[in-house]
Amino acid sequence: MPIKKEQTLTFYRPDFESEIQIPLIKEGVSAGFPSPAADFMENSIDLNKALTKNPLATFYIKVKGNSMVDAGISDQDVLVVDRSLEPQNNKIAICFIDGEFTVKRIQVEKDCLYLMPENATYSPIKVTEENQLVIWGIVTYVIKKV
């Protein structure tokens, strides 16, 4: 199976100085049966703050490519990435391997580390001593257009 070119990523810093306040209905919306009408209290939300636990270590990253579609990450999605989180088995991470960025799921096996795509047309990346790898950050949210 030929190895497909990895996706490219575009990095952005959140704008924590933004004054934009988007209305938020805290009660939520039913995805099953309709709920009875209620007086919805309208509050506001700043997504830069709501999606960020560690502002100085958080970046938005736009995905280009489809190696993670089965994990719900598609071309043009925006990832919220926290660089302060520790890499762990099975987490989705932004990885810098051999001079290129990619987004993959971390898979730790006995004496071996793999960067796993979530699309059957892409091959896993087995990390060896010859590779230069930095787990750059952990994906905490996916923002997508529907």
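Start with the whole protein chain and its contacts between residues at least 6 apart in sequence: 61% of them join residues at least 24 apart. The model is predicted, so colour it by pLDDT before going further. The average over the protein chain is 84, and 79% of the residues score at least 70. Select residues 1-5 next: here the pLDDT is below 50, and the stretch has eight contacts in the model beyond near neighbours in sequence. Where pLDDT is low, the predicted coordinates should not be read in detail.

**Cartoon view**

Switch to a cartoon. The protein chain has one helix and 10 strands. Followed along the sequence, the pattern is β-β-β-α-β-β-β-β-β-β-β. With a surface added, the protein chain exposes about 9900 Å², of which carbon and sulfur atoms supply 55%. Of the 146 residues, 32% are buried.

**Strand β10 and its partners**

Select residues 133-143, which make up strand β10; this strand runs antiparallel to β5, with five bridges joining the two. To find one position along this pairing, show Val 80, which stands opposite Tyr 141 in β10.

Now add residues 92-97, strand β6. This strand also pairs with β10 in the antiparallel sense, over five bridges. A useful marker here is Cys 95, which stands opposite Ile 135 in β10.

**Aromatic rings**

Show the side chains of Phe 59, Phe 96, Phe 101 and Trp 136. Ring pairs link these four residues into a cluster. A search of the whole structure finds three aromatic pairs. One of them is formed by Phe 96 and Phe 101: the centres are 4.6 Å apart, the planes are at 50° to each other, and the pair is tilted.

Are Phe 96 and Phe 101 buried or partly exposed? Phe 96 has 30% relative accessibility and therefore counts as partly exposed. Phe 101, at 26%, also counts as partly exposed, because the buried class ends at 20%.

**Arg 105**

Move to Arg 105, in strand β7. What does its side chain reach at 2.6 Å? The partner is the backbone oxygen of Asn 90. Display the surrounding residues as sticks. Leaving aside residues up to four places away in sequence, Arg 105 touches Met 68, Ala 71, Asn 90, Lys 91, Ile 92, Tyr 114, Leu 115, Met 116 and Glu 118. Asn 90 is thus on the list of residues touched and also supplies the oxygen reached by the side chain.

**Two positive phi values**

Most residues other than glycine have a negative phi. Two loop residues are worth selecting with that in mind.

Go to Gln 76, in the loop between β4 (58-64) and β5 (78-82). Its phi is near 80°, a positive value in a residue other than glycine. Gln 76 has 41% relative accessibility, so this residue counts as partly exposed.

Then select Asp 111, in the loop between β7 (100-109) and β8 (112-116). Phi of Asp 111 is near 60°, again positive in a residue other than glycine. How does Asp 111 count, buried or exposed? At 75% relative accessibility, Asp 111 counts as exposed, because the exposed class begins over 50%.

How values were computed. Residues are numbered from 1 along each chain as its sequence is written. Side-chain values use heavy atoms; hydrogens and water are left out. pLDDT is the predictor's confidence in each residue, from 0 to 100. Contact means heavy atoms within 4.5 Å. Helices (H or I, at least four residues) and strands (E, at least two) are DSSP runs, numbered from the N terminus. Buried means under 20% relative accessible area, exposed over 50%, partly exposed in between (1.4 Å probe, protein chains only). Accessible areas come from the Shrake-Rupley method with a 1.4 Å probe; for residues, only the protein chains shown count as cover. A polar contact is a pair of N or O atoms within 3.5 Å; within protein, one must be able to donate a hydrogen and the other to accept it, and residues adjacent in sequence count only if both atoms are side-chain atoms. Rings of Phe, Tyr and Trp (its six-membered ring) pair if their centres lie within 6.5 Å; planes under 30 degrees apart count as stacked, over 60 as edge-to-face and the rest as tilted. Two strands pair if DSSP finds at least two bridges between them.
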